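Reader: I would like to go through the empty space and one sheet of this model. Please give the reasoning behind each label.

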Amino acid sequence: MCYRGHHKEVRLLLPLGDQLISADAGSDVIVWDVQGGDVYLRLQFDSASFAVSAMMHPSTYLNKVLLGSSQGALQLWNIKTSKLLFTFPGWSAGVTALQQSPAVDVVGVGTATGRIIIHNIRLDETLMSFTQDWGPISSLAFRTDGSPILASGSPQGHIAFWDLERRQLVTQQRHAHSTAVAAATFLHGEPLLITNGADNAIKVWIFDQEGGGARLLRCRQGHSAPPTTIRHHGNDGKNILSAGQDGTLQSFSTVHERFNKNLGHGSINKKKEQKKKKGLSYEQLRLPAITALSSAAAHQSDWDGIVACHRGRLATTTWNYQRCTMGAHHLQPPAEHRTGVATAVDITSCGNFAVIGSSSGRVDVYNLQSGLHRGGFGGDRAHTGAVRGIATETLNQLTLTAGSDWLLKFWRFKTRKQEEELKLPAAPASMMLHRDSGMLALALDDFTLLVVDIETRRVIRKFAGHHGNINDMTFSPDGRWLVTAAMDCTIRTWDLPSGCLVDCFLVAMAPTSMSLSPTGDFLVTTHVDSLGVYLWTNKSLCGPVGLRPLPADFLPSEETLPGVKADASEQEVTSEEFDDAYESAEQLGAELVTLSLLPESRWKSLMHLDAIKRRNKPVAPPAAPAAAPFFLPTVTGLTPRFTSPTATEETQSRLLGSALLSQRSEFTSDLESALQTRSFERPLRLLKDCGPAAVSLEITSLTSPGGGASLLPAFIQMIDSMLASGRDFDLAQGYLGLFLKLHLRSLSQDSVAMAALLNLSNRLEAGWAELRTSFDQSMCLLSYAKSALL
């Protein structure tokens, strides 16, 4: 449900029973009815005199809301009567946080000057106050497990813990978050504190340390800035390496969030002693964001298996995936060649060497185990321009480099000598090699794509269609598809054997990086100004997908990303759309046997009604009610219906007349009518609505004095029509079993009914023979699959 009524940014929300209270930047407070979405109350304040900055519901104060202002004053309102009850003058500082304490009438007030006031709002008396040195109070939380502790958050990400009995600071948790602590909450009755901040992290702290300190118990954290580079790690496709603009390197698992890892933020020097000697702060030692990375799982348990390039730096860093930390090596060329910045990196398939290209045109090889420089390609420079892409093939015999000088060069890895070069029609922006097939994809600056066969060293495919810079590309595991993402907000899938575009769709935000899992099940993308990592399912693995070439004038449809809200008019679903919703067919095929959707208790218990009645037989006879019943009597059946008014006991006769005995039920009347029209849909629908006891009563009444002898063959024909149609197979068997149990003696004396039963028996045997053949084949295949050595 969407609530519309604010004209400015909504900054505060407070759920209160069946109401939701919201306040916007213009100090407009609205009380909403949660169920209906209507405006229950609207309070408008003058931002110059009372700008609403905090809200709280005092405990045990019915329909009361305490509002804090940026000017420092507080007001207590009754939202039911829309009356101002009391105004607190404040403490000459803007109110930034309000929190109810475990004690009734006592609240915690946080101010913009860093002062914390514990105030009794009933007596208008300040009990105590504290001062925080880290700026304004961003959040307050009271511990509720018996310890008199108050936690306060700061804009620097620190948390202070105050003892309310001794009225002093107990401990502090520095750098709990890298940004301001947005909210802090103690779990009720437990020593657990939950905090979150603008760094896209939620953390759980437990108080089990000596001296009342807290330690981190659990953490779920994403990137605090949009991720820019993303790659799959390993061959199982379960782990995703992601580097963001916040400078962190993280690993996300597609299986479960508990397998997520945070490899941390790169630093210039990891030794703390050297940091202290140089007198540098933590922020000055942090490395900038990662621009390119490459990983290999071959020797990740022996040495570092991840190499990353950083923005504006020549030296590349190594990372250890298993230890979840930055590696020991900073890879950079010899001192006489340290110019430019690192732009491209690739790790060989064996995991022993890293090949790194720079903006000066150098391509160097390093040993990952020792971190030593092992030479370069082409002497001093491999390209006259910046290196845009590097790739090594499976056998480590060939190395490919692409530069801004419009050249694609082929190098012998062992001798570091050039074998051949290929002139490109434009400068390459990036490069991707599929090692198994030997296909090399290059994205050019003119928005076109080239596919080169590294065996023949010729351009075999050229694709055009993007209208913006191609940010990233990836191959399918079998090498048949090339998936590309560009700044025109399209993600396109190219079929290499046919050379055609087979899929294209739009996204709301331009994709910046992408990676297709080695198993081909998920496509991972990152987008501009988005903190999320998005997973796309490969529909071709779930069912048959027709991959036909798309026409030249194809207009792609836009796919809505999770968390991206579309326009309200597009989200409203009309009744016509509900009418056009797909409904499953009652029967897939006339030759198939279809079961009913009724519960098993509706037909399985028909043959055991006598045992059920004996078990449920009352011990004592029912007693007559002393007065009129509270509930109106209803007719027996699954659908509740009230009985028609009857005469009182004084005037009602207990003798049944002959006319009442000759009355037929609705089922018997419809069954007799269906015998003429040969359509048994209506009587069958009436039986489906009845419970087991009512079904037994209806079948028993087929031979009642008012039933007539023609109803027994009619019921047999109804069962025969059910078996002929193949629908409600289980109901037909249950009804037929109860029918034979009740009327077998009468049927043996009726020649017409016996002839109908003989035809029904032949149909039953033929139908069961087909089912038994299908069952035997399925059981045979199942036994073979279990026991055969495949």
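Author: Start with the term. A cavity is a set of grid points where a 1.4 Å probe fits but cannot get out. The model here is predicted. Its largest cavity has a volume of about 70 Å³.

Reader: What makes a residue part of the lining of the largest cavity, and which residues are closest to its centre?

Author: A lining residue has an atom within 4 Å of a point. The largest cavity has 14 of them, and Leu-314, Pro-333, Ser-358, Asp-364 and Tyr-366 are the closest to its centre. Two elements, β30 (353-358) and β31 (363-367), each give two or more residues to this lining. By class, the lining divides into six nonpolar, six polar and two charged residues.

Reader: How many cavities does the search find, and how is the second largest lined?

Author: The search of the whole structure finds two of 30 Å³ or more. The second largest holds about 40 Å³. Its lining is Ile-21, Val-29, Val-31, Leu-43, Val-65, Leu-67, Trp-77 and Ile-79. β3 (28-33) and β6 (64-69) each supply two or more of these residues.

Reader: Why are the eight residues of that lining classed as nonpolar?

Author: Val, Leu, Ile and Trp count as nonpolar, so the lining has eight nonpolar, no polar and no charged residues.

Reader: How do you know that β6 and β7 pair?

Author: Pairing needs at least two bridges. Five join β6 to β7 (residues 74-78), so the two strands pair, and they run antiparallel. In one of these bridges, Leu-66 partners Leu-76 in β7.

Reader: Why do β5 and β8 stand at the edges?

Author: The open sheet has the order β5-β6-β7-β8, with antiparallel pairing. β5 (52-56) and β8 (83-88) each have a single partner strand, so one side of each lacks a neighbour in the sheet.

Key: Residues numbered from 1 in each chain as written. Predicted model: local features only at pLDDT ≥ 70, side-chain atom pairs only at ≥ 80, totals over all residues. Heavy atoms only, no water. 1 Å grid on protein atoms, 1.4 Å probe; cavity = no way out; pocket = protein on both sides within 12 Å on 5 of 7 lines; lining within 4 Å. Points joined across faces, edges and corners; volume = space filled by probe spheres on them. Helix = DSSP H or I, 4+ residues; strand = E, 2+ residues; numbered from the N terminus.
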